[in-house]
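Dear colleague,

Please find below the structure for your review. A summary of the findings follows it.

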Amino acid sequence: MSHGTRSEGAPHTDGPVPPGRHAVVVGGGLAGTTAALALADAGVRVTLLEGRPRLGGLAFSFKRGDLTVDNGQHVYLRCCTAYRWFLDRIGGAGLAPLQDRLDVPVVDAARPEGRRLGRLRRDPLPVPLHLGRSLAAYPHLSLADRARVGRAALALKGLDLDDPALDEQDFGSWLAAHGQSPRAVEALWDLVGVATLNAVAGDSSLALAAMVFKTGLLSDPGAADIGWARVPLGDLHDRLAREALDAAGVRTATRTRVSSVRADGDGGWSVDIPGETLRADAVVLAVPQREAYDLLPAGALDDPDRLLGIDTAPILNVHVVYDRAVLTRPFFAALGTPVQWVFDRTHASGLRHGQYLALSQSVAHDDIDAPVADLRERYLPELERLLPRARGAEVLDFFVTRERTATFVPAPGVGRLRPGARTEAPGLYLAGAWTATGWPATMESAVRSGVGAADAALGALGRPRPRHLFALEEAA
């Protein structure tokens, strides 16, 4: 939905808004920014507090010399209706376009050169035929594996995502029971699953894995088309987000740590920050689960310790700047090598000469604390195996970014640990990709959680729900 026609700061509401309500949102990642925008659009006065010097949470940029570097490569899919709404809302949709049609080059380093490239792409046909031709020709699986993949996909399509039993099973065991060989898991199911779940199939909840594959590959022919930012993430999640917040009338305070959140006797809330106590009618905690645990007042959750049971998993990003172009595609996925996904970030980073590649390495437990020299020794030869043009190229820069707590672990049983937006304390709400959105830890989950928290708060504040929020939920 375009917001270009509204007046600056005017709420998107269906009726007059009574004055005087104030909400404080703690956390300026995607969840908190979404909640703040949605509340402000409904006419609520909003203060957004963020401890870091910038907005964007775990999807941000920083400067390294002349380069603008994203801390990690983030992508989204056409089925990510909430994140797409967020991009529209901040005026950034054109800066993070989607593919016209799903097309993933997959290079197998273990195959002879000249026979390494396979592709996962869709045809303009109904589900599940849209992937039929691609799978039939996918060279990284045997003929028997290709046939069995189709049968497993149909079985996945038949699963009921509302069945709580799915959360208790692991995806790897389910795949094995449905005839999927270790090679099929490596070359197809984990190729997608590791990137979206940050876990291999055997360590993933069947509920979350089924949600990813049903929604992304088996709901609509275009659902898995991939989008990514062609500008630094900070341009979207910090600069444009801040402009949208300002236009909506939100007071945004960065470098502002919240020390406590407590209920007042009169049904309101007090939020303590250095040198000031803010009074609020509603508070949204849009922070990681450990931080939420520390800030939650007694009695706000029946079993707050369950938040500490939601473990975290790391993602490592390896950044390599070459003196020349070594990759002709925007990105590719790899098999038969430690390398997982490789993206060309040359243009987005502002690099004028040479080429800048970013390797996104999920489930990076073995590498997350390794010294840079060891990682250089490990990954540069692998890139030369995958990219013949890299063999004669000079490496101008090599560095890594580490997100040790990048996502929550989507392990079996995690569903019962993830809380909803509402707490037992009236006026206090939770948001974050780790809350009970039904999605794994993605930008989509973060935005959905912000929408859910804002919607719950608006109901309690007696505020009309903005039309665009309702439209988003309908689309979702």
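**Strand pairing in the predicted model**

In this predicted model, strand S15 (residues 331-335) pairs with strand S16 (residues 341-344) in the antiparallel sense, over three bridges. Within this pair, Phe332 stands opposite Val342 of S16. Five residues lie between the strands of the S15 and S16 hairpin, where Gly336 takes a positive phi near 70 degrees.

Strand S16 is also joined to strand S17 (residues 355-361) by four bridges, and these two strands run antiparallel. Here Val342 has Leu359 in S17 as its bridge partner. Val342 thus appears in both pairings, standing opposite Phe332 and partnering Leu359.

A further element to note is an open sheet of five strands with parallel pairing, in the order S9-S2-S1-S13-S19. Strand S9 (251-253) and strand S19 (428-430) stand at the edges; each has a single partner strand, so one side of each is left without a neighbour in the sheet. From one strand to the next, the twist averages 15 degrees.

At the S9 edge, strand S2 (residues 45-49) runs parallel to S9 and is joined to it by three bridges. Leu49 has Ala253 in S9 as its bridge partner.

Helix H1 (residues 30-41) is also associated with these strands: the helix lies across strand S1 (22-26), S2 and strand S13 (282-285). Relative to S2, helix H1 runs at about 170 degrees.

As general background, strands of a sheet pair through backbone hydrogen bonds, either parallel or antiparallel.

Yours sincerely

Notes
Residues numbered from 1 in each chain as written. Predicted model: local features only at pLDDT ≥ 70, side-chain atom pairs only at ≥ 80, totals over all residues. Heavy atoms only, no water. Pairing = 2+ DSSP bridges. Axes fitted to C-alpha atoms, helices over the stretch in contact; angles between N-to-C directions. Contact = heavy atoms within 4.5 Å.
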